[in-house]
Amino acid sequence: MNTIGSKISDLRKQANMSLQGLADQVDVSKAAIQQYENGASIPGNQILKRIATVLGVDFWEFFRVPKFNISIESVKFRDGNKLNNATEEENEVKKHVLSIVKNYLELESILEAKIDFKNPIEDFIVHSNADVEKAVKKVRRKWKIGNAPIDSLTELLEDKGIKIIALERDTKSGGLSGWVNNIPLIVINNSGAHKRETTRKRFTIAHELGHLLMKFDITNISEDLEEIFCNRFAAAFLFVDEVAFEKFGKNRTSISLGELKDLKETYGISIQSIIFRLSSLKLIDDTIKQEIIKSYDLLLDNGDEHFGNYTKSDEAPIRFRKLIRIALTEKRIEKNKASELSGIPIDELQNLAIKNFDLI
Ligand SMILES: [Zn+2]
């Protein structure tokens with residue numbers, strides 16, 4: 001529901017004023033007021049300020065959100081046993097994630113920017129590796145991204161309604177996925193040991209995406225096999241089989257590291273993952289696979305740790321900050337509220353590059 005619209009309607013009725021009456025005093029058409037009230041359009045701040053004056057209320061009144069009240073009791077992680085000291089650590093992470101999601105939802109509610117997540121492969125059951133490849137193609141088709149490289153995986157998934165949360169936890173777990181009510185979330189661990197190359201982060205995110213989207217026949221699929229399928233999903237999602245076939249062709253007898261470097265930089269997938277992908281797609285045989293691994297290891301031994309650099313995105317969650325910036329620029333929230341929701345100190349909010357359009 002549109003908060004501003006219903007506020008205008010309520011306040012107008014309280015003031016015993018007709019649509020026409022308000023329209024005349026604000027100097028807009030009756031149809032315009034009607035549209036504001038039923039949410040078909042949102043008045044700009046100038047008009048809203050006039051409406052506030054006519055109705056005798058404070059401008060901010062329109063943005064005051066009724067006490068945010070959504071029942072979120074728990075975060076359900078798919079698999080908590082990757083965390084150290086399962087219960088203690090798990091509870092800590094859950095508590096943290098829950099508070100972030102609550103703030104996120106409140107902000108979305110203020111901006112009316114809620115995204116309803118829809119699983120594009122809801123009815124598809126995965127039994128095999130071939131199904132995983134099909135699942136990836138279905139998702140990419142429904143999301144209209146074809147076989148193209150995905151520059152920012154985080155941005156793509158955030159726009160689909162998946163909440164991506166970066167935490168710094170000293171645990172074995174590089175990533176987790178789960179649900180708060182019906183909101184899917186992916187938690188990425190940015191702590192020391194996990195703060196590796198962006199391509200690693202992308203693989204983790206894509207792996208967790210596999211857990212969120214794919215449905216398995218649980219009577220036949222073990223947890224270990226689910227892990228294997230999710231790794232396959234990640235590799236396929238980042239580097240679609242058709243692209244691999246096109247780039248490499250069949251029966252290659254040798255592959256240069258330069259070729260792999262180019263692909264890493266374009267598709268944001270690590271060189272190791274490309275080598276395994278080519279092998280699982282049977283584009284290279286075991287001998288060639290071992291040869292490439294050997295020459296790549298040699299390269300790493302020589303200190304060339306970051307052979308090939310993925311620079312298109314650093315895969316840090318951005319949507320929440322973007323919404324905070326919009327809320328401030330559009331004057332939907334005051335600075336102290338922005339600080340409370342985001343955890344960013346008030347004096348650092350300037351760093352969000354807020355343009356102070358002085359409309360009121
Ligand atoms: Zn997993």
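**Close-up views of a zinc site and a strand hairpin**

**View A. Glu 227 at the zinc ion.** Glu 227 counts as partly exposed because its relative accessible area is 24%, which lies between the 20% limit for buried and the 50% limit for exposed. The model shown here and in the other views is predicted. Glu 227 belongs to helix H9 (residues 223-238).

**View B. His 207 at the zinc ion.** His 207 has a relative accessibility of 7% and therefore counts as buried. This histidine is part of helix H8 (residues 198-213). His 207 and Glu 227 are 20 residues apart, and the pair links distant parts of the chain.

**View C. The donor atoms of the zinc ion.** The protein donors are NE2 of His 207, NE2 of His 211, and Glu 227, which is listed twice with OE. They lie 2.1 to 2.6 Å from the zinc ion. Along the sequence, the donor residues follow the spacing H-x3-H-x15-E. Why is the arrangement irregular? The 4 donor atoms subtend angles of 53 to 132 degrees around the zinc ion, which makes it so. A tetrahedral site would need all angles between 85 and 135 degrees.

**View D. The hairpin of strands S4 and S5.** Strand S4 covers residues 175-180 and strand S5 residues 183-189. The two strands pair in the antiparallel sense, over 6 bridges. One of the residues to look for is Trp 179, whose bridge partner in S5 is Pro 184. Between the strands there are 2 residues, and in this hairpin Asn 181 takes a positive phi near 50 degrees.

**View E. The cover over strand S4.** Strand S4 is mostly covered, with 5 of its 6 residues buried.

Conventions:
Residues numbered from 1 in each chain as written. Predicted model: local features only at pLDDT ≥ 70, side-chain atom pairs only at ≥ 80, totals over all residues. Heavy atoms only, no water. Buried < 20%, exposed > 50% of the residue type's maximum accessible area, 1.4 Å probe, protein only. Helix = DSSP H or I, 4+ residues; strand = E, 2+ residues; numbered from the N terminus. Pairing = 2+ DSSP bridges. Donors = N, O, S within 2.8 Å, 3.2 Å for Na, K, Ca; no water. Tetrahedral: all angles 85-135°; square planar, octahedral: opposite > 155°, others 65-115°.
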